[in-house]
Amino acid sequence: MRSPIPDYLQAVLDKARSIKGGAPATYIETLAKADTSKMAVALAMVDGNLYSVGDDQVEFSMQSISKAFVYAMAIEDVGLPKVLEKIGVEPSGDAFNQLSLERGTNRPVNPMINAGAITAHSLVEGTTAQERTERILRGLSQLAGRPLHVDEEVYEAELKSADRNMAIGYMLKAAGVISGDPQDIVRGYIRQCAINVNVRDLAIMAATLSNAGVHPITGEHIIPQASVRQVLSVMTTCGMYDAAGDWVSNVGIPAKSGVAGGIIGALPGQVGIATFSPNLDERGNSVRGVAICEKLSRDMGLHMMDVSQIAGATVRTSVATIVAGVKEPDHPNRQREIIIFSLRGAVRFPGSERLSRALVRELGQPNPEDIGSGKYANTCAVIISLRDVYSLNTVARRILHESIKRLMQEERSVVVVDPTDILQMDGPNTALQDDRLRVVSSETEARNYIGGVGCSAVLVQDDW
């Protein structure tokens, strides 16, 4: 079986492709020449599973997306109290390159505008631009899970148009916010922004924030949990510049954008999101990227203020061997295996994704890199138990419907244990009416249907 999630992401990407308007960043020569047909989206779960579609291998410079992670590095290197002495946390309501400082303190208003980001860069360990860039490059590479590099062409192009950032640097120096050579610090900041990534890198980096600073693939604790909380808080209120209010209202995910066309979103405990499309709106955010994130949030119930359903979901996988009952001792499924996928709790996107992934792993072709995958591809039936599920949101229901439909397309026998009709299998738009599908009210009824009346089962547990 193939997961339905990449197909859904492709449909979202295709719909966004028709959106017109916006233009690449014109004040940076290299970015102005970007191929505006390129688009990509990626989702990384907090346990490391990654989905991506579109131009997901195309590299582009991080630009302001780097600000969130360098802010975390500054906190690690000098401590949060010292960082807060130098940089505020209030939304500015101004453009990202505004020449302004907080009244009374002379601090940059927050770390997501250029003044705050330049200050954060100056606080990172290192006495020269090269040392600070090397420290930042190591940290970002660790987050991405592969070596990253500076795009020298982008760096040189940005340096040519750096007058405003240089002015900000001198303003910070005059206000006593930074020490050292302002030009050296600004050059280091520009190199930081010119580090190249793709959407897969960014989704994993965002998922590390979503996972309390633990890298979802390597398991390495990269960012302290307290720093993650600080970064996500500032991303929520300031990450989308003067569009932050609209973003929180419409999308509701801590996020950061960059003028090369990238956007990241990090929903705590659930998922990291990354999009790429070079055309920007008047606020410097990717037009199509914003539309994609809005649709993902709406369709998948990812808005952090959505409290329509509480708690999480678990998926448990069990394998059983049918033992024929006395009434049907020669039943054709005797001594054959069945596989049971049991869901529990409030099932939202992460829970349904977990089930979809379990189905693919257990019932698909063996993967040499995943020992045990495909082990139960020949089971005589698949049982999906929703007995202990007390709520399903819309996207979870859609993913379960699509997964069941794909199982039936593979001519598998599917039994759904759904005593409260929570999956709504008989809805007019499910298209799931098929002889290979049976909806029952209990596990006993499911066993009797598969193995004959009075049969039993010997279970082997395998938790997911």
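This passage describes the annotated domain, a set of parallel strands, the salt bridges and the cysteines of a predicted model.

The annotation offers a convenient place to start. An unreviewed UniProt entry lists residues 338–425 under "domain: STAS". In the model, that stretch of chain is 35% helix and 30% strand, and its end C-alpha atoms lie 21 Å apart.

Strand β10, spanning residues 381–392, is a good guide to the local fold. Nine of its twelve residues are buried, so β10 is largely enclosed by the rest of the structure. One of its partners is strand β9 (residues 337–347), with which β10 pairs in the parallel sense over nine bridges. Within this pairing, Ala346 stands opposite Ser391 of β10. The connection from β9 to β10 passes through helix α14 (residues 349–363), and the resulting β-α-β crossover is right-handed. Strand β10 also runs parallel to strand β11 (residues 414–417), to which it is joined by four bridges. Here Ile384 has Val416 in β11 as its bridge partner. To get from β10 to β11, the chain travels through helix α15 (residues 394–409), and this β-α-β crossover, too, is right-handed.

Attention now turns to charged side chains. The whole structure contains 22 salt bridges. One of them brings helix α14 back into the picture: the side chains of Asp47 and Arg354 meet with an N to O distance of 2.6 Å. Asp47 sits in the loop between β1 (40–45) and β2 (50–54), whereas Arg354 belongs to helix α14, so this contact ties together parts of the chain that are 307 residues apart in sequence. Both side chains keep some access to the surroundings: Asp47 is partly exposed at 36% relative accessibility, and Arg354 is partly exposed at 25%.

A further link between distant parts of the chain is the salt bridge of Arg146 with Asp201, at 2.7 Å from N to O. Arg146 lies in the loop between α6 (129–144) and α7 (152–160), while Asp201 lies in helix α10 (residues 199–210), which places the two residues 55 positions apart. The two ends of this pair differ in their surroundings, as Arg146 is partly exposed with a relative accessibility of 27%, but Asp201 is buried at 5%.

Asp370 and Arg361 form another salt bridge, with an N to O distance of 3.0 Å. In this case Asp370 is partly exposed, with a relative accessible area of 27%, and Arg361 also counts as partly exposed, at 21%. Beyond these pairs, salt bridges link Arg2, Asp7, Glu402, Lys405 and Arg406 into a network.

The cysteines complete the survey. The structure holds zero disulfides, and the sulfur positions help to show why. For Cys238, the closest cysteine sulfur is that of Cys193, 17 Å away, which is too far for a bond. For Cys293, the closest cysteine sulfur is in Cys238, at 18 Å, so here again the separation is too far for a bond. For comparison, a disulfide would require the two sulfur atoms to be within 2.5 Å. Cys238 is buried, with 3% relative accessibility, and Cys293 is likewise buried, at 4%.

Terms used:
Residues numbered from 1 in each chain as written. Predicted model: local features only at pLDDT ≥ 70, side-chain atom pairs only at ≥ 80, totals over all residues. Heavy atoms only, no water. UniProt positions renumbered as here; feature names shortened; annotations may be inferred. Buried < 20%, exposed > 50% of the residue type's maximum accessible area, 1.4 Å probe, protein only. Pairing = 2+ DSSP bridges. Right-handed = clockwise from strand over helix to strand, strands pointing away. Salt bridge = Lys/Arg side-chain N within 4 Å of Asp/Glu carboxyl O.
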